[in-house]
Amino acid sequence: MLMNDQDAHLYIKGRWVVGQAGTLDNIDPANGQRIGVVSLADETQVSAALDAASGSFPAWSASNPRIRGQILKKAAALLRERLGELSEALLLEGGKTRADASGEAQRAIETLNWNGEEAPRVSGKVYSGIVDGSTRYSVPVPLGVAVAITAWNFPAVLIARKLGAALAAGCTVVLKASEFTPRTACAIVKALADAGLPEGVVNLVFGDPVTVSEQLLSSPVVKVLSFTGSTHVGKQLAGLAAKQLIRPVLELGGHAPVIAWSDADVDRVVAVTAPAKFGTAGQSCVAPTRYLVHRDLHDKLVQALVAKARSYCLGHGHEESANLGPVAHARRVRALQELVDDAVAKGASVETGGAKADLPGFFFQPTVLSGVPRDAELLSEEPFGPIATVQAFSTLDEAIELANAAPYAFAAYLFTDSMRVRNEVVSRLQASNIGVNQTAPSLPDVPLGGLGNSGYGYEGGTDGVLAYMQLRLVSQST
Ligand code: NAD
């Protein structure tokens, strides 16, 4: 098979190679058309990727963190020069609008750059105090080979978060990126290679996800697993990692509530949350899904949300007017329809949308449902699409109880000017990323991690780098 720019291949030990286990079509979800193929690794190639990561670890982990940081920053600079190319990959295979694609590409670049700056800042601690005549200090040391497995919904940012932190820490990596968004992964790995990353430090594979992840996580050289994806798969991978005592960082699903207290400005609630709700067609782990509104504001909020949902122009990212893209594939359209149908069968009302859009590709109408009963699957299963539910509450206790009712605990939003309500909600919400009168973005400089079905461990910030490191304690006497 010849390599060309439309196709995505493996990167093993510093070389681009064609996968030996066949190919999958890379599909543009906005029109269902094939835009290339992704080639898949066989067992020998996955082994070669592990060997390359393991073989390059001693030198990379011992290298000066400033040098590691410079490579990350150079890769960020190269991607800035190639912004058009990266954005186009996100638009085509990720189904993003032009604005979403460019925004994500820039966030990925910022993330690599921030971790490049952080690399030489990572430091240990000196402990004085309870032991006479002994000096004790801890030094963070890189753990070893990391396996990074990423989702398709923010393919550039997710890869940048994992590679940025792992490389800054001094770990080497086998990246198994999503087969739905392979060109994006290739663009980032290529920038790192062009920035001077030594061979073997990052290896990129695609393949049958079950087979490849089983092989990767049964290897004794792997010390860290960083996974971003669904809760269902995260639990399976946590089980595999446990067998080898591989340290897991799991960034899983979300089901974010938006609490609009009685003093909330409804137009502001909608204006602030709509980009997070409908951006990337709602396929975001921090997307607001459950609007919980004080009874007095219920009808007004439904009206405002419906008006906003109807204002979107669905279309391919190449169309200038398009500001809402497709979901990832046909299975997601069916899953969204099933969630809506189940809610309606149990008594919910469709205020707008509620069905597949009449367009080529995998579009679902921006949808608002009210009166969704508690036993509707939509309230406990992550919809991962442009669907918002609205439920009314009367008291703060009721709002908090509804917010905490989903098995996920990741992002949550609150709108109020009351300090008392803020303090109470913030302390009682089961959520780890709370936006008060604003959204809750995953910026590179802050640690972020889920609770419950949303996972565990942190990505982002210094803690995100330390996730790839072990504290070595040294106690010494003169
Ligand atoms: P997914 O779990 O289907 O896939 C994620 C990755 O795992 C992909 O690389 C995929 O190929 C691989 N995979 C799929 N099935 C597998 C299996 N059985 N065994 C091993 N690997 C497997 O998730 P997705 O559909 O790509 O992404 C959407 C999910 O990701 C949503 O649940 C979303 O909330 C979550 N997500 C979470 C965060 C966060 O920071 N918490 C960020 C983005 C996305």
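On the surface of this predicted model, Asp263, Asp265, Asp267 and Asp417 gather in a patch of negative charge. One member of this group, Asp263, sits in the loop that runs between strand S12 (256-260) and helix H9 (266-278). Asp263 has a relative accessibility of 35%, so this residue counts as partly exposed.

A helix with quite another setting is H5, which spans residues 155-169. Helix H5 is built from 15 residues, and the distance from its first C-alpha to its last is 21 Å. That reach is close to the 21 Å expected at 1.5 Å a residue. Helix H5 is also mostly covered, with 15 of its 15 residues buried. Just after the end of H5 comes Gly170, and this glycine takes a positive phi of about 100°.

We can now turn to the charged pairs. The structure holds 15 salt bridges, and a few of them are worth following on the model. Helix H5 takes part in one of these through Arg161, whose side chain meets that of Glu459 at 3.6 Å, N to O. This pair links distant parts of the chain: Arg161 belongs to helix H5, while Glu459 is found in the loop between strand S21 (455-456) and helix H14 (461-466), and the two are 298 residues apart. Both partners, Glu459 and Arg161, are buried.

A second salt bridge brings together the side chains of Glu118 and Arg121, with 2.8 Å from N to O. The two partners can be looked at in turn for their cover. Glu118 counts as buried because its relative accessibility is 4%, and a residue is called buried when this value is under 20%. Arg121 has a relative accessible area of 45%, so this arginine is partly exposed.

A third salt bridge is found in helix H13 (residues 419-428), where the side chains of Arg420 and Glu424 meet at 3.9 Å, N to O. Why are Arg420 and Glu424 separated by about one helical turn? The reason is that these residues are four places apart in helix H13. More generally, an α-helix has 3.6 residues a turn, so residues three or four places apart point the same way. Arg420 counts as exposed because its relative accessibility is 53%, and Glu424 is partly exposed because its relative accessible area is 26%. The pair does not stand by itself, for salt bridges that share partners join Asp397, Arg420, Glu424 and Arg428 into one network.

The backbone offers some further points to look for. Most residues other than glycine have a negative phi. Against this background, Ala281 has a phi near 50°, a positive value in a residue other than glycine. Ala281 is placed in the loop between H9 and strand S13 (288-294). With a relative accessible area of 1%, Ala281 is therefore buried.

Phe384 likewise has a positive phi, near 55°, and is a residue other than glycine. Which two strands does the loop holding Phe384 lie between? They are strand S15 (367-370) and strand S16 (387-393). Phe384 has a relative accessibility of 13%, so this residue counts as buried.

Technical notes
Residues are numbered from 1 along each chain as its sequence is written. This is a predicted model: local features need pLDDT of at least 70, side-chain atom pairs count only at pLDDT 80 or more; totals for chains, interfaces and linings use all residues. Side-chain values use heavy atoms; hydrogens and water are left out. Patches are made of residues with over 30% relative accessible area and no salt bridge: like charges are joined within 9 Å, nonpolar side chains (Val, Leu, Ile, Met, Phe, Trp, Tyr) within 5 Å. Accessible areas come from the Shrake-Rupley method with a 1.4 Å probe; for residues, only the protein chains shown count as cover. A salt bridge is a side-chain nitrogen of Lys or Arg within 4 Å of a carboxyl oxygen of Asp or Glu. Lys and Arg count as positive and Asp and Glu as negative; His and the chain ends are not counted. The place of a charge is taken as NZ of Lys, CZ of Arg, CG of Asp or CD of Glu. Buried means under 20% relative accessible area, exposed over 50%, partly exposed in between (1.4 Å probe, protein chains only). The expected span of a helix is 1.5 Å times one less than its number of residues.
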